[in-house]
Amino acid sequence: MTTRTLRALIAIIGTILALPLASMAQPVRPQPPNSVRLYMFDCGQLNIADISVYQLKREEIATNMMSVPCFLIAHPRGNLMWDVGAVPDTAFRPGVVSPTLRAGTSTKTLRSQMAEIGYAPGDITHLAFSHFHWDHVGNANLFAGATWLVRDSERELMFAEPPSPRTEPANFSALKTSRRVAITTPDYDVFGDGTVVVKAAYGHSPGHQVLFVKLAKTGPVVLSGDLYHYPEERTLKRVPATEFNVQQTIDSRAAIESFLAQSKAELWIEHDFTQNAKLKKSPAFYD
Ligand SMILES: [Zn+2]
């Protein structure tokens with residue numbers, strides 16, 4: 001047997017031996033982190049043509065653009081998705097750089113960004129939205145297998161007939177039969193250790209809520225939902241004209257501001273385009 005034949009034979013045997021191993025390979029499951037991690041995904045942006053509903057003038061705001069983040073909170077006991085974008089992954093088509101829905105565009109699917117850090121939609125154990133508006137529920141159907149944390153007032157509105165014009169029912173229709181926890185208290189401690197807490201902040205919608213996340217190194221943060229959209233709503237104390245209940249929004253803002261002061265948590269205004277640009281995006285994370 002020549003050396004060349006021997007090499008070829010070894011290569012063939014090697015291939016045969018490797019085959020069962022390759023076919024047995026399982027997709028790598030994400031390992032639960034030792035402490036809470038917060039991943040922010042780029043779920044697109046909104047180009048708001050008419051900002052007058054926010055009771056702001058163009059010269060009062062830095063930009064009319066709004067960011068649309070989606071969040072994965074990986075906890076040792078489970079994984080929570082918080083707000084899931086405007087444009088659903090199903091709207092993406094080969095060759096379409098950025099599908100559009102209403103004022104929203106997106107250049108990356110949520111699923112691909114999750115896959116980059118080893119997560120599939122089926123790994124998500126808990127799902128919560130700040131509220132039901134279209135730009136926060138875009139990919140809800142991906143997470144129908146998770147336990148949905150929602151207040152009855154919000155859920156009833158989501159499945160009302162006729163549907164609210166402020167949302168896209170087709171994008172969350174699969175949640176109708178999802179396992180759920182009906183939140184009845186102002187605070188809901190998702191994993192029971194005080195690190196991830198859904199907090200009532202009614203007004204923008206009947207069951208609007210924000211999310212407190214206690215991060216060991218970063219410190220505590222609060223994800224705002226739409227308690228504010230533009231940061232100038234906070235500094236200039238303006239309340240959008242289209243709130244479900246303006247007085248509730250004023251009261252919720254006061255309550256959350258005092259919580260921020262007391263907890264020393266940093267507020268991340270989800271739609272704040274300027275702040276969002278400075279924050280780390282997945283695969284980087286905050287812990
Ligand atoms: Zn919004």
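**Aromatic pairs and two residues around α3**

I'll start with K176, which sits in the loop between α3 and β8. This is a predicted model, so please hear every value as computed from that model. K176 has 48% relative accessibility, and because exposed means over 50%, K176 counts as partly exposed. If we set aside neighbours within four places in sequence, K176 touches R155 and F159. For a distance across the fold, take K176 and L110: they are 66 residues apart in sequence, and their C-alpha atoms are 21 Å apart.

Now the protein as a whole. The chain has 287 residues, and 49% of them count as buried. The protein contains 6 helices and 13 strands. The C-alpha trace spans about 90 × 45 × 40 Å along its principal axes. Taking contacts with a separation of 6 or more, 68% come from residues 24 or more positions apart. The exposed area is about 13800 Å², and 58% of that is supplied by carbon and sulfur atoms. On charges, there are 28 positive and 27 negative, and the mean positions of the two sets are 8 Å apart.

Next, the rings. How many aromatic pairs does a search of the whole structure find? The search gives 8. I'll go through two of them.

The first one I want to show is F159 with F172. Their ring centres are 5.6 Å apart and the planes are at 80 degrees; over 60 degrees counts as edge-to-face, so that is what this pair is. Both residues are in the loop between α3, residues 152-158, and β8, residues 180-182, and they are 13 residues apart. F172 is buried, because its relative accessible area is 0%. F159 is the residue I mentioned as a contact of K176. F159 and F172 also belong to a cluster, in which ring pairs link them with F129 and W148.

The other pair is W268 with Y286. Here the centres are 4.9 Å apart with the planes at 65 degrees, so this pair is edge-to-face as well. W268 is in strand β13, residues 266-268, while Y286 is in the segment after α6, the helix at 273-278. The two are 18 residues apart. Are these residues buried or exposed? W268 is buried at 2% relative accessible area, and Y286 is buried at 11%.

There are also charges placed over rings. R37 lies over the face of F285, at 4.0 Å from the ring centre. K199 lies over the face of F259, again with 4.0 Å to the ring centre.

Last, E154. Where is E154 found? E154 is in helix α3. The cut-off for buried is under 20%, so E154, with a relative accessible area of 3%, is buried. What is E154 in contact with, leaving aside its neighbours within four places in sequence? The list is H131, F132, S205, P206, G207 and H208. Of these I'll pick out S205, which is 51 residues from E154 in sequence and 7.4 Å from it in space, C-alpha to C-alpha.

To put the two residues side by side: E154 in α3 is buried, whereas K176 in the loop between α3 and β8 is partly exposed. That is what I have for today.

Conventions
Residues numbered from 1 in each chain as written. Predicted model: local features only at pLDDT ≥ 70, side-chain atom pairs only at ≥ 80, totals over all residues. Heavy atoms only, no water. Phe/Tyr/Trp six-rings, centres within 6.5 Å; stacked < 30°, edge-to-face > 60°. Helix = DSSP H or I, 4+ residues; strand = E, 2+ residues; numbered from the N terminus. Buried < 20%, exposed > 50% of the residue type's maximum accessible area, 1.4 Å probe, protein only. Lys NZ or Arg CZ within 6 Å of the ring centre and 35° of its normal. Contact = heavy atoms within 4.5 Å. Areas by Shrake-Rupley, 256 points an atom, 1.4 Å probe, with all protein chains shown as cover. Lys, Arg positive; Asp, Glu negative; His and termini not counted. Charge placed at Lys NZ, Arg CZ, Asp CG, Glu CD.
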